[in-house]
Amino acid sequence: MLCLAWPPASSAYGWQQSLAPDRCATCHDGNAEQVAKVTLADLGGSVHRLLACISCHKDAETLPHPRTLVLVECAACHDTPEAEYDRHGALDAEDARAPRCADCHGTHDIRRPSDPHSLIYPAKVIQTCGRCHQRYIGQVSTPQASRGPLAAYMDSVHGRAVIEKGLSVAATCVHCHGHHEVRPARDPRSRVSPANIPDTCGQCHRGIKDVFQTSVHAQAARGSGAARAPVCNDCHPAHEIAHINAPQFLRDIVTECGSCHQDLYRTYRESYHGQVQRLGSTRAAKCSDCHGAHDIRPLSDSASRVAPQQLADTCGRCHTQLAEMSAAGRANFIQYRPHADHRNRRSDPILYYIWLYFMVLMGVTFSFWGLHSAAWFVRGALERRRVRMQSRSPARRAQAIERFSAWHRWTHALVIISFFGLTLTGLPLKFSDRPWAESLMRMLGGTEAARLAHRFFALLMFGYVVLHLIHLARAARRGKGSLRARIFGPHSMLPLGRDWRQFCQMLRWFFGRAAKPTFDRWTYWEKFDYWADVVGTVIIGGSGLLLWFPTFFAALLSGYWFNIATIIHGYEALLAIGFIFTIHFFNAHLRWDKFPVDLVIFTGQLDEEEFRAERGLQYARLRSAGELEELRVPPAPRWQRHLARIVGSVALLIGYALVGLIIWAALQ
C-alpha cells in the first residue's frame with residue numbers, strides 16, 4: 001500500500017525530484033536548530049523507506065512549506081486499523097488524550113513488529129504501553145517498587161519470560177488487550193471481558209482452555225445469570241500472574257477461592273490444612289489439591305476429584321500410606337470432613353456440642369478460679385499491709401526443709417520444658433489468622449520446623465508421664481501403713497473432705513471471717529492443678545496421637561474422629577494454656593507471700609519457718625513422728641536461688657505475653 005512511491009513512475013511528477021528524502025535531509029538531517037530533525041538512518045530502517053516525504057506530509061508539496069505541518073492521516077493507507085480503532089480503553093478515539101498511531105508505532109522510524117528495534121516488538125511493546133499507563137521503564141521491579149499495572153506485569157511470569165528470558169512468544173499487553181481494538185473490560189467486545197477471557201488466554205494455553213471448558217466454573221459462566229462466574233483472571237490476577245509453584249501463589253490462591261466460597265474458606269482455615277497453609281506451608285493441601293484447578297467438577301460428577309469413588313486417590317496424593325491400607329481403612333479415612341463446621345449445630349451436631357462443652361468449661365473454670373485469685377490478691381494485700389513481713393535472719397537460713405526430691409524437680413522441669421515447647425509451637429495454629437502467629441512461626445523456623453519441634457516436645461510429655469508412673473509404683477512399693485491410709489492419708493492426691501473444709505475456711509478468710517487455714521502436704525488448689533494436668537495430658541496426648549498417625553488409626557476408627565480430635569486437642573490445649581499461665585502462675589508465684597517467684601520447685605526446699613507457716617499440719621505431724629530431722633538440708637547456694645529467680649521470671653514473662661496475645665486475638 002505504497003503512496004507516491006519513490007522514484008516517481010512518471011516524469012509528470014518531476015516536481016518530486018526537488019522533494020526526495022535526501023533533498024529534505026538538507027534541512028532536517030543536519031544540526032539545524034530551527035527545524036524538526038529527521039535522520040536518513042531512521043527512514044532507512046522504516047517500513048516507509050520507499051515512500052516520499054510528501055506521501056504523508058502532503059502540505060509540504062510546495063516549498064517553502066509551512067513551519068507547522070498538519071497531523072498525518074495514516075488512514076489514507078491503513079484504513080482497516082483505523083476502522084478498528086474506535087477507542088483506546090476508556091478513551092474515545094476523538095479524545096485528545098487518546099494515543100495516536102505515532103504514539104505506539106513511532107513516526108519516521110516505524111518498523112515491522114518482528115524487528116527488535118520496533119516499538120511494538122514484544123520486548124519493547126511493554127515499555128511503549130508503559131509510557132502512558134505507568135512511567136516505568138527499566139529493570140524488573142522489586143517488591144518495594146510502587147505497584148501498578150506495568151510494574152506488576154514486570155514481576156509476573158509473563159513479564160519475566162519476556163524481559164529476563166527473551167521469549168518473544170510470551171504474552172504482552174497486545175496479546176491480551178488487542179492492538180487497535182483495545183476496549184474496557186466492561187465492553188462485551190473487549191478481549192478482557194469476562195466472557196472472552198478464556199478465549200484470550202486460550203490463544204496460548206490451548207490445552208488448559210480445553211480442560212477448563214469442562215469445569216463447573218466454565219459451565220456456570222456459560223449459564224444464565226452467571227456473569228461473575230470465575231474465569232482465568234479471577235484466580236490468576238491479570239497483571240500479577242505468578243508461577244504456579246511460587247510460594248506466594250501457593251499461599252494466595254486459597255484466598256482467591258475464598259473470595260467466592262466464603263463459608264468453605266472459613267471452615268478450611270479452621271482445619272489443620274488451612275492453618276499451616278496460612279502460616280506459610282506450601283505442602284499443606286489447598287483447594288486445588290483436592291478439587292482440581294482447571295478441571296473442577298461438581299460433586300455429583302463421578303469424574304470429580306472429591307467424588308466418593310475418587311476421594312481416596314485424591315487424599316492419597318499426600319497421604320501416600322493410603323495405598324498400602326485395606327479397603328476398609330481407606331473407606332474410614334475419607335470419612336474425615338475437611339470443611340466440618342463445629343459452630344453449626346445442624347450440619348455437625350457432635351462437633352457443636354463438644355465445642356459448646358469446652359466453651360462452658362472454660363467459662364466456669366476461669367470465672368471460678370479468677371474470682372478466687374482476685375479475692376486472694378486483695379486479702380493478701382490487706383494482710384501484707386497489716387503485718388509487714390520481717391526479713392529473715394541468717395540464723396533462720398542455717399537449715400531448710402526438703403519439700404521436693406531431685407526426682408520431683410527433674411520431672412517438673414520436663415513438664416515446664418514440654419509445656420512451653422508445645423505451647424509455642426502449637427498456639428500459632430490456633431490463631432493462624434493473626435499477624436503475630438505468622439511472626440512467631442517464622443521465629444520458630446517455619447511450619448515444618450515447628451511441626452517436628454511440636455512432636456519432640458510431645459515425646460517429652462510422654463516421657464514425664466512415664467517417669468511419674470515409675471515414681472508412683474516405687475512409692476506404692478515402699479509405702480507404709482494400710483492401703484486405706486495411703487489412699488486417704490495426708491500424702492494422698494485425692495480430693496478429700498478436709499480439702500473441702502479448708503476451701504470453705506479459705507473463702508471465709510478472704511472476707512475476714514476466719515483465720516487462714518493450716519494445710520498439710522497438699523492444698524486443695526494443688527490437687528486441682530494435679531488432676532487437671534492428669535486429665536489434660538490424657539486428652540491432649542490421646543487426641544494428639546490420633547492426629548499424628550491418621551492412617552494408623554483409620555484402620556480402627558472412622559475418619560470423623562479426626563474432626564473430633566481436632567476440636568478436643570485445640571480447645572483442651574487452650575484451656576490448659578490459659579489456666580497454667582494465669583491461675584497456676586498466681587497460686588504458685590504471684591500471690592503476695594511468694595512474689596515474684598516461688599523457688600521451692602527449683603531448689604526443692606523451704607526455709608523451716610516458711611514451711612511451718614505454710615504447711616502447719618505437715619510440720620506438726622513430722623515433728624511428732626520424729627521425721628522432721630530427716631528432711632533438714634543445707635540451704636541452697638546463692639547462685640542456685642538467683643538462677644531460679646531468672647528462670648522463673650522468664651517463664652512468667654513468656655507465659656503472660658502469650659496470654660496477652662490470646663486476649664488480643666479474642667478481642668479482635
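At 31% relative accessibility, E448 counts as partly exposed. This residue is a handy way into the structure, which is a predicted model. The side chain of E448 meets that of R283 in a salt bridge, with 3.1 Å from N to O. R283 is exposed, its relative accessible area being 61%. Along the chain the two partners sit 165 residues apart: E448 belongs to helix α22 (residues 447–478), while R283 lies in the loop between α15 (272–278) and α16 (287–291). Side chains of opposite charge can pair when their charged atoms come close. Across the whole structure, a search turns up 31 salt bridges.

A second pair of this kind involves E526 and R403, whose side chains meet in a salt bridge at 3.5 Å, N to O. Here too, distant parts of the chain are linked, with E526 in helix α25 and R403 in the loop between β3 (400–402) and α20, 123 residues apart. R403 is buried, since its relative accessible area is 9% and the cut-off for buried is under 20%. E629 and R632 make up another salt bridge, and their closest N and O atoms are 2.4 Å apart. Of these two, E629 is exposed, at 55% relative accessible area, whereas R632 is partly exposed, at 24%. Some salt bridges share partners, and in this way R403, E526, K594, D598, E610, E614 and R615 are joined into one network.

R632 turns up again in a small piece of sheet. I401 stands opposite R632, which is in β5. The strands β3 and β5 pair in the antiparallel sense, over two bridges. Strands of a sheet pair through backbone hydrogen bonds, either parallel or antiparallel. In full, the open sheet has three strands, ordered β4-β3-β5, with antiparallel pairing. Its edges are β4 (605–607) and β5 (632–633), each of which pairs on one side only.

Turning to the interior, the largest nonpolar core holds 38 residues, and L427 and M506 are the members that touch the most others. Several helices chip in with at least two residues each: α19 (349–386), α20 (406–430), α21 (435–443), α24 (497–510), α25 (524–548), α27 (560–590) and α32 (638–667). The most generous of them is α27, which gives eight residues to this core. Apart from this core lies another one, made up of twelve residues, including L351, Y560, Y571 and L575. As for M506, its contacts beyond the neighbours within four places in sequence are W376, K516, P517, F519, Y524 and W525.

Nonpolar residues also show up on the outside. Y353, L356, M359, V360 and V364 form a nonpolar patch on the surface, and together they have about 430 Å² of accessible area. Y353 sits in helix α19, the helix that also supplies at least two residues to the largest core. With a relative accessible area of 46%, Y353 is partly exposed.

One backbone detail rounds out the picture. F595 and P596 are joined by a cis peptide bond, with omega at about 0 degrees. P596 is found in the loop between α27 and α28 (600–603).

Notes:
Residues are numbered from 1 along each chain as its sequence is written. This is a predicted model: local features need pLDDT of at least 70, side-chain atom pairs count only at pLDDT 80 or more; totals for chains, interfaces and linings use all residues. Side-chain values use heavy atoms; hydrogens and water are left out. A nonpolar core is a set of buried Ala, Val, Leu, Ile, Met, Phe, Trp, Tyr and Cys residues joined through side-chain atoms within 4.5 Å. Buried means under 20% relative accessible area, exposed over 50%, partly exposed in between (1.4 Å probe, protein chains only). Helices (H or I, at least four residues) and strands (E, at least two) are DSSP runs, numbered from the N terminus. Contact means heavy atoms within 4.5 Å. A salt bridge is a side-chain nitrogen of Lys or Arg within 4 Å of a carboxyl oxygen of Asp or Glu. Patches are made of residues with over 30% relative accessible area and no salt bridge: like charges are joined within 9 Å, nonpolar side chains (Val, Leu, Ile, Met, Phe, Trp, Tyr) within 5 Å. Accessible areas come from the Shrake-Rupley method with a 1.4 Å probe; for residues, only the protein chains shown count as cover. Two strands pair if DSSP finds at least two bridges between them.
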